Amino acid sequence: MSIDIRSGSDALRDAADADISAEILKIAKRRGVAATQVRVLDAASVACTPALQDAWAASILRVTGKHAPRLASGAGHDAMMMASLTAIGMLFVRCGNGGISIIPWRP
């Protein structure tokens, strides 16, 4: 399985990572199985540009009459790579799967 841990704070994300990793090892030991953990990517958190997030929130309110929820996880995916070049933001749109995004892992 893969786990994507995000936070607006690197220290908070790293603490959560340590807690999750320790729990995985405890569960594996209790069940008598081996657990191998491989870090694929470790990237610093990147904040979305407030002006972009505010513009999307205003558009959502205007169209739906509802306030857009704000995610505190910081930008991920391509946005974190582009942040040094330009203003970035992320807009999450619920999919037909109840809002659950599933990405298959391939070794």
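This is a guided tour of a predicted model, with suggestions on what to select in the viewer at each stop.

**Before starting**

Residues are numbered from 1 along each chain as its sequence is written. Because the model is predicted, local features need pLDDT of at least 70 and side-chain atom pairs count only at pLDDT 80 or more, while totals for chains, interfaces and linings use all residues; side-chain values use heavy atoms, with hydrogens and water left out.

**The whole chain**

Select the whole chain. Its secondary structure comes to 3 helices and 0 strands, and the elements run α-α-α from the N terminus on. Helices (H or I, at least four residues) and strands (E, at least two) are DSSP runs, numbered from the N terminus.

Next, colour the chain by pLDDT, the predictor's confidence in each residue, from 0 to 100. The mean for the chain is 84, and 83% of its residues reach 70 or more. Where is confidence lowest, and where is it highest? The lowest mean, 76, belongs to helix α3 (residues 77-82), and the highest, 95, to α1.

Of the 107 residues in the chain, 13% are buried. Buried means under 20% relative accessible area, exposed means over 50%, and partly exposed lies in between (1.4 Å probe, protein chains only).

**Helix α1**

Select residues 10-31, which make up α1. The end C-alpha atoms of this helix are 31 Å apart, which agrees with the 32 Å that its 22 residues should span at 1.5 Å a residue. The expected span of a helix is 1.5 Å times one less than its number of residues.

Now show the side chains of Arg13, Asp17 and Ala28, which are buried in α1. Seen down the axis of α1, the buried residues fall within an arc of 40°, so they line one face of the helix. The arc is that of the directions from the helix axis to the C-beta atoms. Turn to the other side of α1 to find Ala11, Leu12, Asp19, Lys26, Lys29 and Arg30, which are exposed.

Just after α1, select glycine 32, which takes a positive phi of about 70°.

**Salt bridges**

A salt bridge is a side-chain nitrogen of Lys or Arg within 4 Å of a carboxyl oxygen of Asp or Glu. How many salt bridges does a search of the whole structure find? The search finds 7.

Select aspartate 10 and arginine 13 to see one of them, with the closest N and O atoms 3.0 Å apart. Both residues lie in helix α1, 3 residues apart, about one turn of the helix. An α-helix has 3.6 residues a turn, so residues three or four places apart point the same way. Is arginine 13 buried or exposed? Arginine 13 is buried, with a relative accessible area of 11%, whereas aspartate 10 is partly exposed at 28%.

Add aspartate 14, which also forms a salt bridge with arginine 13, again with the closest N and O atoms 3.0 Å apart. Aspartate 14 counts as partly exposed, at 40% relative accessibility. Then add Asp42: Asp10, Arg13, Asp14 and Asp42 are linked in a network of salt bridges.

For another pair, select arginine 6 and aspartate 4, which form a salt bridge with their closest N and O atoms 3.0 Å apart. Arginine 6 is partly exposed, at 28% relative accessibility, and aspartate 4 is exposed, at 55%.

**From α1 to α2**

Valine 46 is the next stop, in the loop between α1 (10-31) and α2 (50-64). Valine 46 counts as buried, with 17% relative accessibility. Display glycine 8 as well: the two residues are 38 residues apart in sequence and 7.1 Å apart in space, C-alpha to C-alpha.

Move on to α2, whose 15 residues reach 21 Å from first C-alpha to last, close to the 21 Å expected at 1.5 Å a residue. Within α2, select alanine 57, which is buried at 17% relative accessibility. Its C-alpha is 5.4 Å from that of alanine 68, 11 residues apart along the chain. After α2 comes glycine 65, with a positive phi near 80°.

**A nonpolar surface patch**

Finally, select Val38, Val40, Leu41, Met81, Met82 and Leu85. These residues form a nonpolar patch on the surface, with about 690 Å² of accessible area together. Patches are made of residues with over 30% relative accessible area and no salt bridge: like charges are joined within 9 Å, and nonpolar side chains (Val, Leu, Ile, Met, Phe, Trp, Tyr) within 5 Å. Accessible areas come from the Shrake-Rupley method with a 1.4 Å probe; for residues, only the protein chains shown count as cover. Leucine 85 lies in the segment after α3 and is exposed, with a relative accessible area of 66%.
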